[in-house]
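Colleague: Could you take me through one part of this model in close detail? I'd love to hear about a loop and the helix that follows, with your cut-offs spelled out.

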Amino acid sequence: MTKELNDAIYVTIIGVIAENGIRFTTEQVARALGTSKRTVYEYFSSKEELLSRTIDFVFRDIQAIDRTIVNDHTLSEAEKIERVFASLPVNYDIGIIIQHADELEKKYPALHEKVANQLSAVWNPFIELVEPKFPTAYVTVLKTLLEEMLLNLLDTQYLQQHNVTFEEG
């Protein structure tokens with residue numbers, strides 16, 4: 001399967017999640033893909049695997065972009081920090097997953113944890129860049145602040161109470 005076709009499948013699945021939330025059916029995915037449920041189950045052994053691989057897809061490009069920035073020896077440390085920070089996830093696909101974080105936590109707690117871990121890992125390149133510049137205690141506090149912010153961004157009740165979206169946060 002080509003990368004383009006593979007990406008198109010996941011983009012379609014994200015669209016189904018956007019319309020129906022985590023409670024979508026395999027039939028809805030099959031219909032959106034223009035195929036049968038059987039074909040969907042040939043590609044994904046379960047709905048949980050489908051969601052897991054879709055989460056991987058959503059975060060894949062962010063990780064690749066960050067690796068490219070960190071490994072670019074033509075950039076100064078300040079430019080790397082600025083670009084890594086600017087590349088943090090604000091895209092629509094991540095917003096769709098985050099929007100349904102509560103449902104995900106209830107029905108698929110391991111996948112909710114996977115999203116939280118992926119969001120935490122998003123900060124790793126930033127931390128690697130600032131770590132040599134500051135005392136360990138400062139970096140520990142910074143990591144804690146970033147982790148807390150991510151936990152709040154995963155909490156839809158927190159977002160609603162503060163009238164803010166994941167993308168704005």
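Modeller: Happily! Ser46 sits in the loop that links helix H3 (37-43) to H4 (helices are DSSP runs of H or I, at least four residues, numbered from the N terminus). This is a predicted model, where local features need pLDDT of at least 70 and side-chain atom pairs pLDDT 80 or more, while totals for chains, interfaces and linings use all residues. Numbering starts from 1 along each chain as its sequence is written, and side-chain values use heavy atoms, without hydrogens or water.

Ser46 has 28% relative accessibility, so it counts as partly exposed (between buried, under 20%, and exposed, over 50%, with a 1.4 Å probe and protein chains only). Thr26 lies 20 residues from Ser46 in sequence, with 9.1 Å between their C-alpha atoms.

After the loop, H4 covers residues 47-70, and its axis comes within 10 Å of that of H1 (residues 3-20), crossing at roughly 110° (axes are lines fitted to C-alpha atoms over the stretch in contact, with angles from 0 to 180 degrees between N-to-C directions). The two helices are therefore roughly perpendicular (65 to 115 degrees). From H1, the contact takes in Lys3, Asp7, Tyr10, Val11, Ile13, Ile14 and Ile17; H4 brings Leu50, Leu51, Arg53, Thr54, Phe57, Val58 and Arg60 (contact means heavy atoms within 4.5 Å). By type, the residues of this H1–H4 contact are 9 nonpolar, 4 charged and 1 polar (Asp, Glu, Lys and Arg count as charged; Ala, Val, Leu, Ile, Met, Phe, Trp, Tyr, Cys and Pro as nonpolar; the others as polar).

Definitions and conventions: Parallel < 35°, antiparallel > 145°, perpendicular 65-115°, else oblique.
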